Amino acid sequence: MDKNVRKLRNQDNNPCIEESDASQKCLNVNSYDKGMCTNYFLRYKSCRKYWQNIMVLRRREGVKPDMPTAAERQEMIAAIGGKPY
C-alpha cells in the first residue's frame with residue numbers, strides 16, 4: 001500500500017475514517033449520485049472541522065502530539081456522551 005494511503009487509513013492520524021468510509025459507500029451504492037449522499041458529506045466535513053479545532057487548541061496549549069491518539073479520542077467522545085458531529 002502507498003505511504004500516503006497508509007497514513008490516511010491510520011486510526012491515529014485520521015479521526016474521520018468511519019465517516020469517510022460511509023460517504024464512499026453511499027457513493028458506491030447510489031451510482032456516484034452526490035445528491036443522495038449529502039448527509040454523509042456533511043457529517044464527514046463536521047468531523048474534520050471538529051478534530052481540526054481540537055488540534056489547534058492542543059497546539060496553542062503546547063500539548064503533543066497535536067492530534068490525540070485513537071484511544072484518547074475514544075475517551076474524549078465517551079466523556080461528552082457521543083460524537084458531537
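**Two disulfides in a four-helix chain**

When the bonded cysteines of the protein chain are numbered in sequence order, they pair as 1-4 and 2-3. The structure is a predicted model, and the description below follows this pairing from the chain as a whole to the individual links.

The protein chain contains four helices and zero strands. Read along the sequence, its pattern is therefore α-α-α-α, with helices and strands taken as DSSP runs numbered from the N terminus. Along the principal axes, the C-alpha atoms of the protein chain fill a box of roughly 45 × 35 × 20 Å.

Within this helical framework, the count of disulfides comes to two. One of them is formed by cysteine 16 and cysteine 47, whose sulfur atoms lie 1.9 Å apart. This pair links distant parts of the chain: cysteine 16 belongs to the loop between α1 (3–9) and α2 (17–29), while cysteine 47 belongs to helix α3 (residues 38–61), and the two are 31 residues apart. The link of cysteine 16 and cysteine 47 is left-handed, with -95° about the S-S bond. Both cysteine 16 and cysteine 47 are buried.

The other disulfide joins cysteine 26 to cysteine 37, with an S to S distance of 2.1 Å. Here too the pair links distant parts of the chain, with cysteine 26 in helix α2 and cysteine 37 in the loop between α2 and α3, 11 residues apart. For the link of cysteine 26 and cysteine 37, the angle about the S-S bond is -95°, and the link is left-handed.

Is this second pair of cysteines buried or exposed? The cut-off for a buried residue is under 20% relative accessible area. Cysteine 26 counts as buried because its relative accessibility is 7%. Cysteine 37 likewise counts as buried, because its relative accessibility is 0%.

The wider setting of these cysteines can be described for the chain as a whole. Of the 85 residues of the protein chain, 25% count as buried. Among contacts in the protein chain with a separation of 6 or more, 47% come from residues 24 or more positions apart.

The surface and the charges complete the picture. The accessible surface of the protein chain comes to about 6,300 Å², and 52% of it belongs to carbon and sulfur atoms. The protein chain carries 16 positive and 10 negative charges, and the mean positions of these two groups are 5 Å apart.

How values were computed. Residues are numbered from 1 along each chain as its sequence is written. This is a predicted model: local features need pLDDT of at least 70, side-chain atom pairs count only at pLDDT 80 or more; totals for chains, interfaces and linings use all residues. Side-chain values use heavy atoms; hydrogens and water are left out. A disulfide is a pair of cysteine sulfur atoms within 2.5 Å. Buried means under 20% relative accessible area, exposed over 50%, partly exposed in between (1.4 Å probe, protein chains only). Contact means heavy atoms within 4.5 Å. Accessible areas come from the Shrake-Rupley method with a 1.4 Å probe; for residues, only the protein chains shown count as cover. Lys and Arg count as positive and Asp and Glu as negative; His and the chain ends are not counted. The place of a charge is taken as NZ of Lys, CZ of Arg, CG of Asp or CD of Glu.
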